[in-house]
Amino acid sequence: MDNNQDKLQGGITNNFYGNIHNYNVINGNATFNNICEKTNDQQVKYTDDQVARALANIVGKGKAIDSKQKWAGAMWYLHWVCNYPAKALAFCAKIATLSLPDNIEYACDYNNIRSLATLSFLNEDPRDLEKVKYSNNDQQAFFQLRSVVIALAEELEKTKSVEVGF
């Protein structure tokens with residue numbers, strides 16, 4: 001018998017790596033994660049804690065979200081990456097459930113993002129910003145929200161390294 005047949009006849013081993021309905025399975029050990037994910041070819045998974053840490057790092061004077069209006073950029077990205085609500089009121093309600101610092105400088109406020117939440121380019125995937133089409137009238141808003149998308153994507157990537165222990 002060749003080596004592969006030995007493995008097959010030896011039964012199922014615990015060498016599965018992946019995610020089954022929000023359970024992470026590594027070598028047969030399952031753990032439940034409250035994750036946000038977008039299930040397509042650009043699948044990404046982040047816990048609410050990871051999202052909160054990333055947001056806390058980009059909110060404040062001199063940071064990507066340096067005004068309440070720029071939360072619309074976070075809404076745009078988190079909707080596409082984590083399936084957060086696309087409606088401003090529901091999005092701010094979701095953000096309110098996260099473990100953000102109590103003294104966060106600029107809170108997510110529906111009244112400040114509702115007009116931006118209807119911009120047509122928010123219907124396009126921000127994970128490929130070069131392909132996003134926007135009108136001349138929306139150019140300034142696009143570049144402001146684009147900077148939030150880039151900063152949030154970078155911070156979320158950093159949280160993945162922290163979770164794995166790098």
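This passage looks at confidence, the nonpolar core and one pocket in a predicted model.

Confidence is a helpful place to begin. Across the chain the mean pLDDT is 81, with 70% of residues reaching 70 or more. Among the elements, helix 4 (residues 88-96) has the highest mean pLDDT, at 98, whereas strand 3 (residues 29-32) has the lowest, at 38. The pLDDT stays below 50 over residues 4-34, a stretch that nevertheless has 36 contacts in the model beyond near neighbours in sequence.

Turning to the interior, the largest nonpolar core holds 45 residues. Those touching the most other members are Leu55, Trp71, Trp76, Leu78, Phe91 and Ile95. At least two core residues come from each of helix 2 (48-58), helix 3, helix 4 and helix 6 (139-164). Helix 3 is the leading contributor, giving ten residues to this core.

Trp76 deserves a second look. Leaving aside residues up to four places away in sequence, Trp76 touches Phe121, Leu122, Glu124, Pro126, Leu129, Val132, Phe142, Leu145, Arg146 and Val149.

Helix 3 appears again in the second largest pocket, which encloses about 250 Å³ of space. This pocket is lined by 14 residues, and Met75, Ala86, Lys87, Ala117 and Asn123 are the closest to its centre. Helix 3 (residues 71-82) provides the largest share of the lining, with four residues. Sorted by class, the lining of this pocket comprises nine nonpolar, three polar and two charged residues. Helix 3 thus gives the most residues to the largest nonpolar core and also supplies the largest share of this pocket's lining.

Note on methods:
Residues are numbered from 1 along each chain as its sequence is written. This is a predicted model: local features need pLDDT of at least 70, side-chain atom pairs count only at pLDDT 80 or more; totals for chains, interfaces and linings use all residues. Side-chain values use heavy atoms; hydrogens and water are left out. On a 1 Å grid over the protein atoms alone, a cavity is a set of points where a 1.4 Å probe fits but cannot get out, and a pocket is an open set with protein on both sides within 12 Å along at least five of seven lines; lining residues have an atom within 4 Å of a point. Grid points are joined across faces, edges and corners, and a volume is the space filled by probe spheres set on the points. Ala, Val, Leu, Ile, Met, Phe, Trp, Tyr, Cys and Pro count as nonpolar, Asp, Glu, Lys and Arg as charged, and the others, Gly among them, as polar. pLDDT is the predictor's confidence in each residue, from 0 to 100. Contact means heavy atoms within 4.5 Å. A nonpolar core is a set of buried Ala, Val, Leu, Ile, Met, Phe, Trp, Tyr and Cys residues joined through side-chain atoms within 4.5 Å. Buried means under 20% relative accessible area, exposed over 50%, partly exposed in between (1.4 Å probe, protein chains only).
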